[in-house]
Amino acid sequence: MADALLDDLDDLSDVEPEEETNNNVAEEIEIAASNDGSISAQQQAPAVNGGNETAADATSPKKHTNNRHRLLDNDALKSHLQSIRTIHQKDDTTKMTSIQHKNNKEEDEHEHQLILASNKHLVSLRAEITNTHLDICKSYHPKFPELEELVTDPFQYRAAVMIIQNEVDVTNVNEQLNEILSSNQIITISVAGSTTSGRMLTKEELSHVNELCLYLDELQNVQKELTLFVESRMEEWSPSVCALVGPTLAAQLLASTGGLAELARVPSCNLQLLGKNRSTASSRGGMATQSRTQHAGFLMECDLVQSCPNYLKMRAVKAVAGKLALAVRCDHINVESGRQRTADVGRKFKEELRTKFGKWEEPDKAQVVKALPKPDLTTKKRRGGKRIRRLKERFEETELMKQANKRAFSVEAGEYGDDAMGITLGMLDTKEGGAMRNTTEKRKMRQANTKASRKRAAQMSSGVTDGLASSVVFTPTQGMELVNPDANKERVRKANEKWFSDNAGFQSALPKK
């Protein structure tokens, strides 16, 4: 618990609280609680001239815990609060008299400086609230050490401490705790209170705890006063941001960063994390005191985001953060350059986001059924030729395929299997189709009647084909020639009788000399 709060304090350490104008003068206020619970404060003791410290006596006011001076005793903060209250009185007087008073340039600059100072004081107040909460936890730890883990919110913890006090049985104050805590927290606190290892506080310890709780109330009241002042002036100094997210969120964003210039330097990816509640062991266990959203801060409370359904909220936060970064920079440039500040940019962005979020929630459009294109019934002209004819013959439907594609009428079909689905062999199952075993005659491809084909056919028919060829041969040199088909056979017969007959004898095949 303490580590988590110290981490929060480290994040806020970028802007240190303003120091007192005179470090040698220690001004303190003694806070005492009356019987009815109201707060009374004694006036500040006069400072000693020359910077010397006052002598400590029995009647001198006490210092804060751990010798840490109270932030509410800071002269700069007191002067700042007095200036704000003076402006509020001036505004109330203007409203009562119904006189429109227009600020001049000096008054505008004064209010701008007050807004910047208020933002810095708000950062310091948050750090002081964290430190005071740690002091209360440390002082009340001997009585109820488990309470600081069960209730992590500083103001709810203070209220629980003021109710429980030195009560041994926590169940006796359950009705009062029910006004500030949830039922789950009350049950857990009751169980932890019955098994706690704490002890009763002494009167001095309990009085010190009550003083710290009252001081935390004062810090909360001052924080509210500064926040209301910043909200009332935000629409004038940052109109686009107020038009986009509202003056309350705009004041929280400026207070968390320290001013408009500092906020303009923050990228959109970090704007959505400003004001994020850190997770602790108790929050992860379902005992969180505040509603916590993963990876989101102040912008989750924006009306634009809240108008979206839950499944679109994180997406909406990112979109709002992107537009907010642009709106902040527009307002900052207008303030620095002295141009007229208008909310046109913020209204434009807000309208764009509303339109975009509305489109996100629209249902998906139904798929359009498109009609088929008009068929092209015209036959395309294809080139013919030997190659195309052979291609057609290769893929030509055979007689077997033709019989399988035919269906016989008045034929009983099976009730189950492929027959019922219409997957049959067609005419091949019938007597006529099944008895077909004749080989189809292969058709001879038609020869083209061209000059080259005729010449090629003439050359091929000039050879000897065992008497089947004609005896009339056309040669290109001699013209028409009559040839005896048996002349070649007679030469072969005479050669065989000469060399291989029984009466041939031994003869030499060598040529005669």
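**Entry 1: the positive patch**

I start with a working definition: a patch is made of residues with over 30% relative accessible area and no salt bridge, and like charges are joined within 9 Å. For the sign of the charge, I count Lys and Arg as positive. I also remind myself that this is a predicted model.

With that in hand, I looked for a positive patch on the surface and found one formed by Lys-386, Arg-389, Arg-390 and Arg-456. Which helix gives the largest share of the positive patch? I traced that share, 3 residues, to helix H17, which covers residues 386-394. Lys-386 has its place in this helix. I checked its cover too: Lys-386 counts as partly exposed because its relative accessibility is 45%, and partly exposed runs between the 20% and 50% limits.

**Entry 2: cysteines**

How many disulfides does the structure hold? I found 0. I still looked up two cysteines for their surroundings. Cys-242 has 9% relative accessibility, so I put it down as buried. Cys-269 has a relative accessible area of 44%, so I noted it as partly exposed.

**Entry 3: salt bridges around Arg-70**

Next I turned to charge pairs. Side chains of opposite charge can pair when their charged atoms come close. My count of salt bridges comes to 10, and I followed a few of them by hand.

I began with Arg-70, whose side chain meets that of Asp-73 in a salt bridge at 3.4 Å, N to O. Are these two residues buried or exposed? Asp-73 is buried, because its relative accessibility is 3%. Arg-70 is buried as well, because its value is 11%.

Arg-70 also has a salt bridge with Glu-218, at 3.9 Å from N to O. This pair links distant parts of the chain, 148 residues apart: Arg-70 sits in the loop between strand E2 (39-41) and helix H2 (75-97), while Glu-218 belongs to helix H8 (residues 203-237). I have both Arg-70 and Glu-218 down as buried.

**Entry 4: a second bridge to H8**

I then looked at Arg-158, which forms a salt bridge with Asp-217; their closest N and O atoms are 2.9 Å apart. Here too, distant parts of the chain are linked, with Arg-158 in helix H5 (residues 154-164) and Asp-217 in helix H8, 59 residues apart. Both Arg-158 and Asp-217 are buried.

Which residues do shared partners join into one network? I wrote down Arg-70, Asp-73 and Glu-218, joined by their salt bridges.

**Entry 5: loops beside H5 and H8**

Last, I visited two loops. Thr-202 lies in the loop between helix H7 (183-194) and H8. Its relative accessible area is 36%, so Thr-202 goes in my notes as partly exposed. I checked its spacing from Asn-166: the two are 36 residues apart in sequence, and their C-alpha atoms are 9.0 Å apart in space.

Gln-165 caught my eye for its backbone: its phi is near 55°, a positive value in a residue other than glycine. I located Gln-165 in the loop between H5 and helix H6 (174-177). Is Gln-165 buried or exposed? I noted it as buried, because its relative accessible area is 18% and the limit for buried is under 20%.

Notes
Residues are numbered from 1 along each chain as its sequence is written. This is a predicted model: local features need pLDDT of at least 70, side-chain atom pairs count only at pLDDT 80 or more; totals for chains, interfaces and linings use all residues. Side-chain values use heavy atoms; hydrogens and water are left out. Patches are made of residues with over 30% relative accessible area and no salt bridge: like charges are joined within 9 Å, nonpolar side chains (Val, Leu, Ile, Met, Phe, Trp, Tyr) within 5 Å. Accessible areas come from the Shrake-Rupley method with a 1.4 Å probe; for residues, only the protein chains shown count as cover. A salt bridge is a side-chain nitrogen of Lys or Arg within 4 Å of a carboxyl oxygen of Asp or Glu. The place of a charge is taken as NZ of Lys, CZ of Arg, CG of Asp or CD of Glu. Helices (H or I, at least four residues) and strands (E, at least two) are DSSP runs, numbered from the N terminus. Buried means under 20% relative accessible area, exposed over 50%, partly exposed in between (1.4 Å probe, protein chains only). A disulfide is a pair of cysteine sulfur atoms within 2.5 Å.
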